[in-house]
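Please open the structure in your viewer and keep the selection panel at hand. The tour begins at the ligand and then moves to the nonpolar core.

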Amino acid sequence: MQQSVLEQMHSMGHEQVVFCQDPHTGLNAIIAIHNTTLGPSLGGTRLWNYDNHEHALIDALRLSRGMTYKSAISGLNLGGGKAVLIGDAHKLKNEAFWRRYGKFVNSLNGKYITAEDVNTSSSDMEYIGMETKFVTGKPEYMGGSGDPSPLTAYGVYMGMKAAAKKAWGSDVLTGKKVLVQGAGNVGQYLMGHLVEEGAKVLVCDIHENKVKQAKAKYPAIEVIPSTDIFDHEFDIYAPCALGATVNTDSINKMKCPVIAGAANNQLADENVHGPMLVEKGIIYVPDFLINAGGIINISIELDGYNHARAINTVGKIYDRTLDIFHVAEKDKVHTQLAAMRIAEKRLQDIANLRVGI
Ligand code: NAD
C-alpha cells in the first residue's frame with residue numbers, strides 16, 4: 001500500500017510540507033521543509049509538468065532532503081527546503097502567478113527561503129520578491145547574485161582539482177583529458193576554467209546548438225557524439241547534464257580514474273554504485289558537495305551580496321573534497337557515504353548546542 005504524506009515525511013525526516021493552490025493563476029505548489037536545525041530552509045523552486053501529484057511530492061521530498069545535506073556539508077547555516085510547482089511552464093509563467101506564489105512563501109515567515117531552479121529564472125525571483133523578502137538569487141541589477149552557474153562551475157573545477165591531487169598527486173589539470181557531458185550553463189563555464197588551465201576538453205550534448213556555442217567560445221575543445229561516450233579515452237568524467245549517469249552499465253565501461261561533475265544525483269543507486277566505484281578504484285567527488293557553488297553563492301546574497309566572498313567560500317570545496325577522501329579512506333566507506341556522515345555529524349553537533357544555556 002502506498003505511504004501517506006505523513007508516513008513519507010516520517011520516513012524521510014521532514015519537518016513540514018505545505019500544499020498551496022490558487023485557481024486564478026493556476027498555481028499548484030508543494031513546499032517541502034526538511035530540516036531547519038542549521039537555519040531557515042533554502043532551496044530553489046522547480047516548475048515541472050509532473051505526470052501526477054505523487055511524483056511531484058516525491059520530488060519535493062527528495063530534493064529538500066538533498067538541500068539539507070548540501071548546506072550542511074558546505075558549512076552553511078541553512079536548512080534544507082525545496083518547492084515544486086506543478087504544470088506547464090510556457091502556460092503558467094506570468095507576473096500574477098509568481099506573485100501569488102510569493103505570497104505563499106511569505107506566509108511561512110522565513111522558515112523557507114526560495115531561489116531559482118529548473119524552469120525558474122532570476123527574473124521570476126524579481127516578481128516573487130514583490131511579495132516576500134524570503135527570496136534569493138535575484139538579478140544583479142537588484143543587488144542580487146544573478147545566475148548561479150558560474151559559481152557552480154567554479155566549485156566543480158575546485159572539486160575536480162582536489163580529485164586530481166588524490167589521483168595523480170598534483171592538482172594541476174594541464175594536459176589532463178576531461179569529458180564534459182552537457183554544454184549547458186555550468187558545462188560551458190567549467191570548460192572555460194579547464195581550457196584556461198590547459199586541460200584537453202572533450203564535450204558532448206544532445207543539442208547541437210549547445211556544442212556549437214561552446215566550440216565558438218572555446219575553439220580548442222573537441223566535440224564528440226553524446227552516445228557511447230565511454231568508448232572514448234579520458235582522465236576525468238564531468239557529468240554536467242542529468243542524473244543517474246553513474247550506473248552499473250557506465251561503471252563497467254569507465255576507464256577514467258576520476259568522476260567530478262555538476263549534475264545532481266549522479267549515482268543511480270548510491271548503495272550499489274558507491275561501493276562499485278571504490279572496487280574499481282574510481283575517485284568520485286560527491287555531487288552534493290561539488291555542485292554546491294550555486295547555493296553558496298545565493299546564500300551570500302542573504303547578508304548583502306559580495307562576489308569576492310562568494311568566490312572565496314566556494315573555493316573551500318577544494319579542502320572539503322580532500323577531507324571527504326580522507327574520511328572515506330579512514331572509515332573504509334565510499335565517498336558519498338563519507339560526505340553524508342560528515343553532514344549528519346554537523347547537524348547533530350549543532351542540534352546538541354541547543355541543549356543547555
Ligand atoms: P542546463 O540545462 O543549462 O545544461 C544541461 C545540458 O545538458 C543541456 O545543454 C542539455 O542539452 C544537455 N544534455 C541533456 N541530456 C544530455 C545527454 N544525455 N548527453 C549530453 N548532454 C545532455 O543545466 P545546468 O544549469 O548547466 O546544470 C547542469 C547540471 O548541474 C544539472 O544536472 C543541474 O541540476 C546541476 N546543477 C546546476 C546548478 C546551477 O547552478 N546551474 C547547481 C547545482 C547543480
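In what follows, Ala, Val, Leu, Ile, Met, Phe, Trp, Tyr, Cys and Pro count as nonpolar, Asp, Glu, Lys and Arg as charged, and the others, Gly among them, as polar. The model is predicted, with local features needing pLDDT of at least 70 and side-chain atom pairs counting only at pLDDT 80 or more, while totals for chains, interfaces and linings use all residues. Residues are numbered from 1 along each chain as its sequence is written, and side-chain values use heavy atoms, with hydrogens and water left out.

Select the ligand and the residues with a heavy atom within 4 Å of it: this shell holds 21 residues, the closest being Thr-152, Asn-185, Val-186, Asp-205 and His-207. By class, the shell comprises 9 nonpolar, 10 polar and 2 charged residues. Colour helix H6 (149-168) and helix H7 (185-197), DSSP runs of H or I with at least four residues, since each supplies at least two residues of the shell.

Next, show the polar contacts, pairs of N or O atoms within 3.5 Å. A side-chain N or O atom of His-207 lies 2.9 Å from an oxygen atom of the ligand; for Asn-264, a polar side-chain atom is 3.0 Å from a ligand oxygen, and for Ser-149 the partner is a ligand nitrogen, at 3.4 Å. The protein buries 76% of the 830 Å² that the ligand exposes when taken alone (Shrake-Rupley method, 1.4 Å probe).

Finally, turn to the largest nonpolar core, which has 87 residues; Ile-31, Tyr-101, Met-160, Val-180, Leu-190, Met-191 and Leu-194 touch the most other members. Such a core joins buried Ala, Val, Leu, Ile, Met, Phe, Trp, Tyr and Cys residues through side-chain atoms within 4.5 Å, buried meaning under 20% relative accessible area (1.4 Å probe, protein chains only). H6 gives the most to this core, 10 residues.

Notes: Polar contact = N/O pair within 3.5 Å; in protein donor to acceptor, adjacent residues only side chain to side chain. Buried < 20%, exposed > 50% of the residue type's maximum accessible area, 1.4 Å probe, protein only.
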